[in-house]
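Reader: Hi! I have a model open on my screen and would love to talk it through with you. Could you take a look?

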Amino acid sequence: MKKLVSLLAALALGTFSFAEAEFSGGISTVLGMAFPYTKNAWNFVQGLTTLDGKVSFWQGSSRLYADGSLSFDALKAASSEKKLDFVSGIHSFSGKLKEAYFDYDGSWWGLRVGRQLETWGAADSLSVTNVLCPKDLTSISGTDVSENYIGIDAVKLNFTAGFFSANLYWIPFFTPSPLPLDSGNVLNRLLMPKTVELGSPLGSIPINPFSNENIEMPELSLKSGEYAIKAAFYTKFADFSLYGFYGWEDSPLSQYEVKVKEIDMGGGVKKTVPKAISMHGSYQRMAMVGFDTSVPLGDFVLRLEGAYFPERYFATSPDYQIKTQIVHILTTNSVSGLKYDLFQKRHQLVSLFGFDWIKGDWAVTAQYYADVLLGNAENLDRNVFSHKTSFSASYSMLGGTLSLSLSGIVGLNDLDLVVDTSAKYSLTDQIKLMLGAYVFSPGPKSDGTYGKYKDISGLVIKGEFNF
């Protein structure tokens with residue numbers, strides 16, 4: 001056995017000794033401090049050091065590629081006892097394999113097998129057709145979502161013929177969006193409810209902690225695979241792409257179950273009352289067809305994107321689920337016979353129109369996004385129609401060593417917003433420093449999508465060294 005292993009290792013080393021190789025990487029540190037007007041005044045809300053590395057081996061038309069990172073989260077390391085935990089419990093260290101695949105590129109066809117990361121669509125910061133790879137929901141920082149996507153384990157076939165190309169995907173293993181379930185995550189404390197207020201005479205009822213054990217995953221079988229296709233056309237006048245996807249929702253749909261207890265009222269009479277609420281989750285199937293197009297017009301590029309989701313699952317609102325159960329329990333003094341909707345199906349249309357303008361050292365982007373349900377949204381945790389607009393502007397100066405940027409998204413339903421601004425300076429080609437700020441603001445009547453993050457608005461300092 002040892003001789004066989006040695007022989008295989010020698011063959012592998014011999015193969016790669018004739019291949020070209022390339023390695024690059026970097027190390028970065030990010031510190032985020034909440035603004036003084038928030039509940040976390042001047043507290044650290046980010047403290048992450050990350051080591052990235054990329055390596056490529058290629059020979060002829062074949063290539064091996066890997067991209068990974070190791071991170072240390074200083075906030076997670078600081079437990080409630082102010083001790084560092086490097087082994088278990090709160091995971092301070094984390095490793096991420098972003099991509100790792102074998103790639104063959106022939107004259108008119110290609111094959112890629114392994115963990116891969118791709119983005120669909122023409123939108124900037126907003127997702128319309130970009131459903132192939134899930135988002136990492138364990139962190140958020142302003143409007144920069146470019147690094148929030150994670151890779152999928154897939155087999156991709158691609159075909160090219162002149163102005164036309166097509167990609168076919170088979171994704172045998174489902175990859176969900178990571179959720180902020182760790183108690184040391186600032187978003188867990190911010191977004192995960194701990195109690196529900198029911199008013200007099202019930203008062204508040206605790207919600208049991210939500211964990212991975214409460215989430216029902218898709219079955220690990222051939223029938224649970226995901227499938228996707230992209231067809232692109234490139235002409236002198238415009239680029240046009242078509243998309244199709246059949247797979248799973250990246251995030252679980254939430255379910256709330258009211259737990260009960262019996263109170264002895266005397267005289268042999270017992271009353272059933274709410275005791276606590278448990279959260280559960282499950283993933284549902286999803287289908288999507290969509291398109292995008294980009295049309296260059298001088299210094300402008302017009303972008304249009306749209307997607308249709310037939311009979312997509314939407315969770316009913318927590319208020320509806322909890323209230324329905326409690327009314328039934330208090331009315332019937334029992335949990336039996338209770339019926340209510342955990343989910344409802346609706347046809348969904350999503351669209352985006354935007355433009356880019358690039359002139360000299362200036363780059364400006366503006367977009368309008370609309371999301372429509374065909375049917376009512378009664379008892380759902382969303383509106384029938386929601387829309388938002390986004391903008392970004394950047395300017396390079398001092399020979400490109402200093403870059404200033406401003407971007408934001410405004411939710412037009414609730415008038416909530418997020419604004420992200422930064423100044424990035426290159427000391428050398430390898431060393432870069434960044435000072436930025438991001439502000440989340442609720443609307444006048446409701447927190448909206450972005451207002452719920454208001455208490456992590458703050459300053460960001462980042463340093464990076466690339467090699």
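Reader: Thanks! Which residues form one aromatic cluster with Phe-23?

Author: Happy to help, and a quick note before we start: this is a predicted model. The partners of Phe-23 in that aromatic cluster are Phe-465 and Phe-467.

Reader: Nice. How many aromatic pairs does the count come to?

Author: The count is 17 aromatic pairs. One of them joins Phe-300 and Phe-355, a tilted pair with 5.8 Å centre to centre and 55 degrees between the planes.

Reader: And where do Phe-300 and Phe-355 lie?

Author: Phe-300 is in strand β16 (residues 300-315) and Phe-355 is in strand β17 (residues 343-359), so this pair ties together parts that are 55 residues apart in sequence. Both rings belong to partly exposed residues: Phe-300 has 36% relative accessibility, and Phe-355 has 27%. There is also Tyr-313 with Phe-343, an edge-to-face pair at 6.2 Å centre to centre and 90 degrees between the planes. Tyr-313 sits in β16 and Phe-343 in β17, so here the parts tied together are 30 residues apart in sequence.

Reader: Are Tyr-313 and Phe-343 buried or exposed?

Author: In between, as it happens. Tyr-313 counts as partly exposed at 23% relative accessibility, and so does Phe-343 at 21%, since buried means under 20%.

Reader: Changing topic: which strands does β1 pair with?

Author: Strand β1 (residues 20-34) pairs with strand β2 (residues 44-59) in the antiparallel sense, over 14 bridges. In that pairing, Glu-20 is opposite Trp-58 of β2. With strand β23 (residues 458-466), β1 forms an antiparallel pairing over nine bridges, where Gly-32 stands opposite Val-460.

Reader: I'm also curious about Ser-390. Where is its place?

Author: Ser-390 belongs to strand β19 (residues 385-397). Its relative accessible area is 6%, so Ser-390 is buried.

Reader: What does the side chain of Ser-390 make a polar contact with?

Author: With the side chain of Gln-367, at 2.8 Å. Leaving aside neighbours within four places in sequence, the residues in contact with Ser-390 include Asp-124, Leu-126, Gly-408 and Ile-409.

Reader: Last one, zooming out: how many helices and strands does the chain have?

Author: Five helices and 23 strands. The radius of gyration is 25 Å, close to the 23 Å from the globule rule for 467 residues, so the chain is as compact as a globular protein of that length. Of those 467 residues, 39% count as buried.

Terms used. Residues numbered from 1 in each chain as written. Predicted model: local features only at pLDDT ≥ 70, side-chain atom pairs only at ≥ 80, totals over all residues. Heavy atoms only, no water. Pairing = 2+ DSSP bridges. Helix = DSSP H or I, 4+ residues; strand = E, 2+ residues; numbered from the N terminus. Buried < 20%, exposed > 50% of the residue type's maximum accessible area, 1.4 Å probe, protein only. Polar contact = N/O pair within 3.5 Å; in protein donor to acceptor, adjacent residues only side chain to side chain. Contact = heavy atoms within 4.5 Å. Rg over C-alpha atoms; globule rule 2.2 N^0.38 Å. Phe/Tyr/Trp six-rings, centres within 6.5 Å; stacked < 30°, edge-to-face > 60°.
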